[in-house]
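Q: Could you walk me through one part of this model up close? I'd like to see how two of the chains meet, and what sits around that spot.

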There are 4 protein chains.
Amino acid sequence: MKKTTTKLKIRYSETDQMGVVHHGNYAQFFEIGRLDWINKLGISYKKMESEGVLLPVLSLEVNFIKSAYYDDEIVVHTYLIEKPTAKIKFEYEIYNSSNELITTAKTELVFVSKKNNKPIRCPNYFLERI
Amino acid sequence: MKKTTTKLKIRYSETDQMGVVHHGNYAQFFEIGRLDWINKLGISYKKMESEGVLLPVLSLEVNFIKSAYYDDEIVVHTYLIEKPTAKIKFEYEIYNSSNELITTAKTELVFVSKKNNKPIRCPNYFLERI
Amino acid sequence: MKKTTTKLKIRYSETDQMGVVHHGNYAQFFEIGRLDWINKLGISYKKMESEGVLLPVLSLEVNFIKSAYYDDEIVVHTYLIEKPTAKIKFEYEIYNSSNELITTAKTELVFVSKKNNKPIRCPNYFLERI
Amino acid sequence: MKKTTTKLKIRYSETDQMGVVHHGNYAQFFEIGRLDWINKLGISYKKMESEGVLLPVLSLEVNFIKSAYYDDEIVVHTYLIEKPTAKIKFEYEIYNSSNELITTAKTELVFVSKKNNKPIRCPNYFLERI
């Protein structure tokens with residue numbers, strides 16, 4: 001299925017006193033990759049949210065293989081794993097500028113109605129574009 | 001006028017590769033001090049916001065005197081500077097556990113109606129408690 | 001094995017535009033729980049690090065069950081899962097103030113020498129206290 | 001004197017429950033602008049730091065004029081204000097994609113030797129490039 005790549009530059013504020021990117025920041029990188037994936041599908045996540053469809057995270061799994069450093073240019077690869085239902089699953093790989101795999105991850109999210117906070121099926125306009 | 005003190009413990013994730021707390025995190029510390037000041041006045045900021053009164057920040061001034069380190073216990077002193085109108089001004093001092101002054105700051109905030117995003121006067125129940 | 005509990009209050013800055021704590025902040029909560037677990041063992045993680053033993057995260061798994069909100073008081077329960085070798089595994093449960101389980105998580109970390117960045121066995125003074 | 005512009009895209013995680021970028025994140029935006037200014041001067045800040053010259057922040061002043069929102073493309077304009085001595089002063093303007101000025105700021109930083117943590121004069125290779 002569809003795959004996208006998103007470039008990011010590591011910020012100074014993302015490092016910690018070990019001299020590497022703090023592991024807690026990677027959830028942001030996957031989110032940026034995932035929202036970029038959705039936007040590249042031709043869907044504005046911003047608009048989808050303002051129309052009442054939220055996409056909160058149900059689970060997150062990350063494997064940290066190598067460190068990332070201040071000023072590194074990293075690339076987030078985002079993959080859709082299967083046809084979404086009420087849930088949507090992504091996998092991620094992050095590569096550094098030497099093309100080394102530094103992190104892999106999986107997330108599961110759920111389509112939710114803003115009105116009543118209940119799960120809903122993946123919108124048709126979303127399914128049609130996959 | 002009223003002054004409060006709020007204790008905080010520095011988180012590992014708040015450090016950067018210089019080995020000290022990243023300067024960008026202090027805005028959070030002042031916010032925690034300020035919201036604690038409001039809560040100690042007997043007003044729930046959470047409730048105030050849910051009732052439609054927001055309090056965004058207009059300006060922030062910080063002087064960084066000494067560094068803070070992972071695991072430090074710091075104390076945020078929060079002062080109200082003058083009677084609030086549509087605006088409310090706080091000053092802050094942060095001390096480390098050796099009682100050294102490490103940071104001073106000022107913020108100016110504005111009471112805003114959630115409905116139309118316009119400035120409003122400080123609520124009466126707020127003024128009465130000062 | 002040993003279990004500790006750590007209280008935290010949700011910060012305003014930890015919320016996102018869904019009105020709940022952004023999922024990316026939970027890695028910080030687990031880290032605070034884990035470092036508190038180590039400190040309550042009678043070991044200063046700060047000192048351990050300054051003596052050249054680092055403890056980076058290898059993997060992180062999180063299940064998000066319920067949302068947390070600004071001003072919530074949450075409790076992080078941290079468990080050691082098995083006797084550490086070069087690796088150390090923790091599990092976590094976070095409860096809100098209504099004592100509802102809101103998040104579960106697992107992390108695997110590795111003891112590393114600061115000098116050469118190589119894995120090392122869990123220090124004896126650490127093992128003796130478990 | 002020299003001026004640079006740096007483009008940034010607002011991250012979802014940078015919003016708070018008011019639905020706008022949390023004011024605490026702007027310090028990161030100015031830092032990104034400032035480090036980009038230095039890099040565009042032909043100096044690697046990363047290398048400068050690894051060679052023992054640090055540049056901590058002494059003071060920060062921010063005026064928040066308009067809000068920024070998730071997915072906004074903002075532009076940070078960074079200006080050097082005067083010839084650096086041991087201190088270096090920058091000013092910043094942030095514009096949104098409608099070219100509206102949303103934030104102005106000033107920072108003062110100091111060149112410091114990593115060895116003894118003492119202020120030092122701005123390196124010659126830095127002055128020569130200005």
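A: Let's start right in the middle of things: Glu61(A) stands opposite Glu61(C), which belongs to strand S3(C). Keep in mind that this is a predicted model, so everything here describes the prediction.

Now zoom out a little from that pair. Strand S3(A) is joined to strand S3 (residues 57–64) of chain C by five bridges, and the two strands run antiparallel.

How are chains A and C related overall? Turn chain A by 180 degrees, with a shift of 0.0 Å along the axis, and it can be laid on chain C with an RMSD of 0.0 Å. That is the relation of a two-fold axis. And here our glutamate comes back: among the residues of chain A, Glu61(A) comes closest to the rotation axis, with its C-alpha at 2.2 Å. Both copies use the same surface, as 100% of the contact residues of chain A recur in chain C.

Next, the wider contact. Here 16 residues of chain A touch 16 residues of chain C. On chain A's side, the elements that give two or more residues are helix H1 (26–40) and strand S3 (57–64). Strand S3(A) gives the most, with eight residues. Sort chain A's side by type and you get nine nonpolar, five polar and two charged residues.

Let's hop over to chain C and look at its own helix H1. H1(C) covers residues 26–40, so 15 residues, and reaches 21 Å from its first C-alpha to its last, close to the 21 Å expected at 1.5 Å a residue. Several of its residues are buried, including Tyr26(C), Phe29(C), Phe30(C), Leu35(C), Trp37(C) and Ile38(C). Glu31(C) and Arg34(C) are on the buried list too. After the helix comes Gly42(C), whose phi is positive, near 95 degrees.

Chain A has another neighbour to check out, chain B. That contact takes nine residues from chain B and nine from chain A. On chain B's side, they divide into two nonpolar, six polar and one charged. A rotation of 180 degrees, with 0.0 Å of shift along its axis, superposes chain B on chain A with an RMSD of 0.0 Å. For this rotation, the residue of chain B that comes closest to the axis is Asp16(B), at 1.9 Å for its C-alpha. Since 100% of the interface residues of chain B are also interface residues in chain A, these copies meet through the same surface.

Key
Residues numbered from 1 in each chain as written. Chains lettered and ligands numbered in written order. Predicted model: local features only at pLDDT ≥ 70, side-chain atom pairs only at ≥ 80, totals over all residues. Contact = placed C-beta atoms within 7 Å. Nonpolar A, V, L, I, M, F, W, Y, C, P; charged D, E, K, R; others polar. Helix = DSSP H or I, 4+ residues; strand = E, 2+ residues; numbered from the N terminus. Pairing = 2+ DSSP bridges. Expected span 1.5 Å × (residues − 1). Buried ≥ 20, exposed ≤ 12 C-beta atoms within 10 Å, placed from the backbone. Least-squares fit on C-alpha atoms with pLDDT ≥ 70 in both.
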